[in-house]
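Biologist: I'd like to go through this model with you and ask how each label is earned. Let's put it on the screen.

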Amino acid sequence: MPHFSLPSSNGDIFHSQAHLPLVVYFYPKDHTAGCTTEGLDFNRLLPEFQALGYTVVGISRDSVKTHQNFCAKQGFAFALLSDTDETVCRQFDVLKLKKLYGKEHMGIERSTFVLDSAGNIVHEWRKVKVAGHAEAVLAAVKNG
């Protein structure tokens, strides 16, 4: 998996190779119910991921400013990365045709990837359902 760099809610550029091993979760949109719940679940389990040596980041197509507001409102202790040009979304193949109110559009399919210390994908989840997902990712990380 090629490395990636994206602007971060922390105000810097996040370079994936500097933060391995890494949990990357892709989500559709800041300030929405499912995405808020997912972020809060990862945030609650963050100390456990960190104790295992993992960095956790969320990626969507929202702007850095929107990410900063979302982090401040929800108290997220991890960075959200802004992929406004969809480069990393394409790299991980998470852009899918979705239907909303009968209209089709390209959107992010909720997905999570675990990258090992060499940057290889060792676990992946697609079409994620939020309930219990962060716990499932943590269990996979714990079990290698």
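Biologist: Which strands does helix α2 lie across, and at what angle does helix α2 run to β5?

Modeller: Helix α2 (residues 64-74) lies across β4 and β5, at about 160 degrees to β5. Axes are lines fitted to C-alpha atoms, for helices over the stretch in contact (heavy atoms within 4.5 Å). Angles between N-to-C directions run from 0 to 180 degrees, so about 160 degrees is towards the upper end of that scale. Helix α4 (residues 133-142) also packs on the sheet, touching β3, β8 and β9, and makes about 160 degrees with β9. Please remember that this is a predicted model: local features need pLDDT of at least 70, side-chain atom pairs count only at pLDDT 80 or more, and totals for chains, interfaces and linings use all residues. Residues are numbered from 1 along each chain as its sequence is written, and side-chain values use heavy atoms, leaving out hydrogens and water.

Biologist: What makes β3 and β4 a pair?

Modeller: Strands are DSSP runs of E of at least two residues, and helices are H or I runs of at least four, numbered from the N terminus. Two strands pair if DSSP finds at least two bridges between them. β3 (residues 22-26) and β4 (residues 55-60) have five bridges in the parallel sense, so they qualify. In one of these, Y25 has G58 of β4 as its partner.

Biologist: Why is the pairing in the five-stranded sheet called mixed?

Modeller: The sheet is open, in the order β5-β4-β3-β8-β9, and its pairing is mixed. β3 and β4 are parallel, whereas five bridges join β3 to β8 in the antiparallel sense. β8 and β9 are antiparallel too, over four bridges. The edge strands are β5 (79-82) and β9 (121-125), each pairing on one side only.

Biologist: Which bridge partners does β8 offer, for instance to V23?

Modeller: V23 has V114 of β8 as its partner, and L115 has I121 of β9. In the hairpin of β8 and β9, with five residues between the strands, G119 takes a positive phi near 90 degrees.

Biologist: How do you know that β8 is mostly covered?

Modeller: Five of its five residues are buried. Buried means under 20% relative accessible area (over 50% is exposed, partly exposed lies in between; 1.4 Å probe, protein chains only). S111, F113 and L115 cover one side, and T112 and V114 the other.

Biologist: And H67: buried or exposed, and how do you know?

Modeller: H67, in helix α2, has a relative accessible area of 0%, so it counts as buried. Leaving out residues up to four places away in sequence, H67 touches S9, Y27, D30, S60, D62, L80, L81 and S82.

Biologist: What lines the largest pocket?

Modeller: A pocket is an open set of points on a 1 Å grid over the protein atoms alone, where a 1.4 Å probe fits, with protein on both sides within 12 Å along at least five of seven lines; lining residues have an atom within 4 Å of a point. The lining here includes K29, R61, D62, K98 and H105. β7 gives the largest share, three residues.

Biologist: Which strands pair there, and in what sense?

Modeller: β6 and β7 pair in the antiparallel sense over six bridges, and K96 stands opposite G107 in β7. In their hairpin, with two residues between the strands, Y101 takes a positive phi near 55 degrees.
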